[in-house]
Structure formats: C-alpha cells, structure tokens
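The following exercises introduce a structure to a reader who has not met it before. Each one sets a task and then works through the solution step by step.

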Amino acid sequence: MDNSEKKLCPYCNAEINNNAQKCKYCGEWVIKNENDLPIEIKHFNWGAFLMNWIWGIMHKKYITLLYFPACLIPVIGPILISIWFGFAGNKWAWESKNWESIEQFNEVQANWVKLWIILAVLSLIILIKVFVVLSLIGSANV
Ligand SMILES: [Zn+2]
C-alpha cells in the first residue's frame with residue numbers, strides 16, 4: 001500500500017496522509033471503516049431505498065441486484081429488500097469512493113431522491129397520457 005497518498009480531511013479540507021486516523025489540522029477523526037461512519041451520514045438512504053438496483057450499480061454494489069429475485073415474493077420481497085438497501089445505503093456509498101466531503105456525499109445522495117421524484121412524475125404523466133389515448137380510442141370504437 002502506498003502510504004504517501006494524500007486525501008482531503010472531510011471537515012477542514014486540508015490535505016492529510018491517506019492512512020491518517022485523525023486530521024492534524026483540525027483534530028477531527030477521519031478514519032473510514034464500517035464501525036466509524038461519520039455521524040452526519042448515519043441516516044436512512046432514501047436514494048438506495050427508492051432507486052434500489054440502479055443506485056446499487058452506480059455505487060458498484062452489485063448485491064443490490066438481489067432486488068430481482070426478491071421480486072419473486074410479491075409486494076413484501078421488494079419492500080423488505082429496499083428497506084435493507086436504505087439502512088445499508090450510506091455505509092455502502094461511503095465506502096464506494098473517496099468523497100470530497102460529507103456535504104458532497106449528502107448532496108449526491110439527495111440528488112438520487114430528486115432523480116426518483118423526476119422519474120416518478122414523468123412516468124405518472126406518461127401513464128395519464130396513455131390512459132387518455134386509450135380512452136379516446138375506446139370511445140371512438142363505440
Ligand atoms: Zn481537518
């Protein structure tokens with residue numbers, strides 16, 4: 001392992017050693033492991049919950065593809081596995097890459113929820129249009 005590699009402190013943005021456990025500038029703990037997630041990201045990941053396997057692929061968490069076999073159990077399967085993704089999501093995402101800061105991390109994860117809202121609104125609009133077209137065709141046939 002290359003010990004000379006640098007990373008940025010998520011608290012003060014100072015350049016510190018990659019294997020440093022504590023930032024020598026601001027004194028914050030910067031260790032990255034599953035038992036020591038920053039408190040600011042210890043929350044439910046709605047992006048992982050809502051976008052499940054798409055979110056998973058983008059975070060190189062291919063275990064989220066278990067979503068498909070989970071769908072074999074109607075309703076309960078996808079809901080339960082999505083709840084699991086939601087709880088594990090921030091830990092997975094945090095480990096998936098070197099984030100510039102906690103703010104950047106939370107912002108990117110919030111964008112996943114926005115993406116889901118956009119997609120949900122778009123599919124609703126498409127559904128309504130399909131329904132309108134179908135009912136027009138239906139009434140034309142009478
Ligand atoms: Zn610092």
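**Exercise 1: Two helices in contact**

Task: Determine how helix α1 and helix α3 pack, and which residues make the contact.

Solution. The model is a predicted one. Begin with the geometry: helix α1 covers residues 46–58 and helix α3 covers residues 76–96, and the two pack at an angle of about 135° with their axes 7 Å apart. Angles over 145 degrees would count as roughly antiparallel and those from 65 to 115 as roughly perpendicular; the angle found here therefore makes α1 oblique to α3. The handedness of the crossing of α1 and α3 is right-handed.

Next, identify the residues. On the α1 side, the contact is formed by Trp46, Gly47, Ala48, Phe49 and Asn52. On the α3 side, Ser82, Ile83, Phe85, Gly86 and Gly89 take part. Sorted by class, the contact of α1 with α3 comprises 5 nonpolar and 5 polar residues, with no charged ones.

**Exercise 2: Two residues with positive phi**

Task: For asparagine 52 and lysine 60, state where each is placed and decide whether each is buried or exposed.

Solution. Take asparagine 52 to start with. This residue lies in helix α1, and its phi is positive, about 25°, although it is not a glycine. A residue counts as buried if 20 or more other C-beta atoms lie within 10 Å of its own. Asparagine 52 has 23 other C-beta atoms within 10 Å, so it is buried. Asparagine 52 also belongs to the α1 side of the contact with α3.

Turn now to lysine 60. Its place is in the loop between α1 and α2, the latter spanning 67–70. Lysine 60 likewise is not a glycine and has a positive phi, of about 55°. The cut-off for an exposed residue is 12 or fewer neighbours. Lysine 60 has 12 C-beta neighbours inside 10 Å and therefore counts as exposed.

**Exercise 3: The chain as a whole**

Task: Describe the order of the elements of the chain and explain why the chain is more spread out than a compact globule.

Solution. Count the elements: there are 4 helices and 2 strands in the chain. Read from the N terminus, their order is β-β-α-α-α-α. The globule rule gives 14 Å for 142 residues, whereas the radius of gyration of the chain is 21 Å, well over that value; the chain is therefore more spread out than a compact globule.

Further values complete the description. Along the principal axes, the C-alpha atoms fill a box of roughly 80 × 30 × 25 Å. Of the 142 residues, 18% count as buried. Among contacts between residues at least 6 apart in sequence, 48% join residues at least 24 apart.

Methods. Residues numbered from 1 in each chain as written. Predicted model: local features only at pLDDT ≥ 70, side-chain atom pairs only at ≥ 80, totals over all residues. Rg over C-alpha atoms; globule rule 2.2 N^0.38 Å. Contact = placed C-beta atoms within 7 Å. Axes fitted to C-alpha atoms, helices over the stretch in contact; angles between N-to-C directions. Parallel < 35°, antiparallel > 145°, perpendicular 65-115°, else oblique. Left-handed = near helix turned anticlockwise from the far one by under 90°. Nonpolar A, V, L, I, M, F, W, Y, C, P; charged D, E, K, R; others polar.
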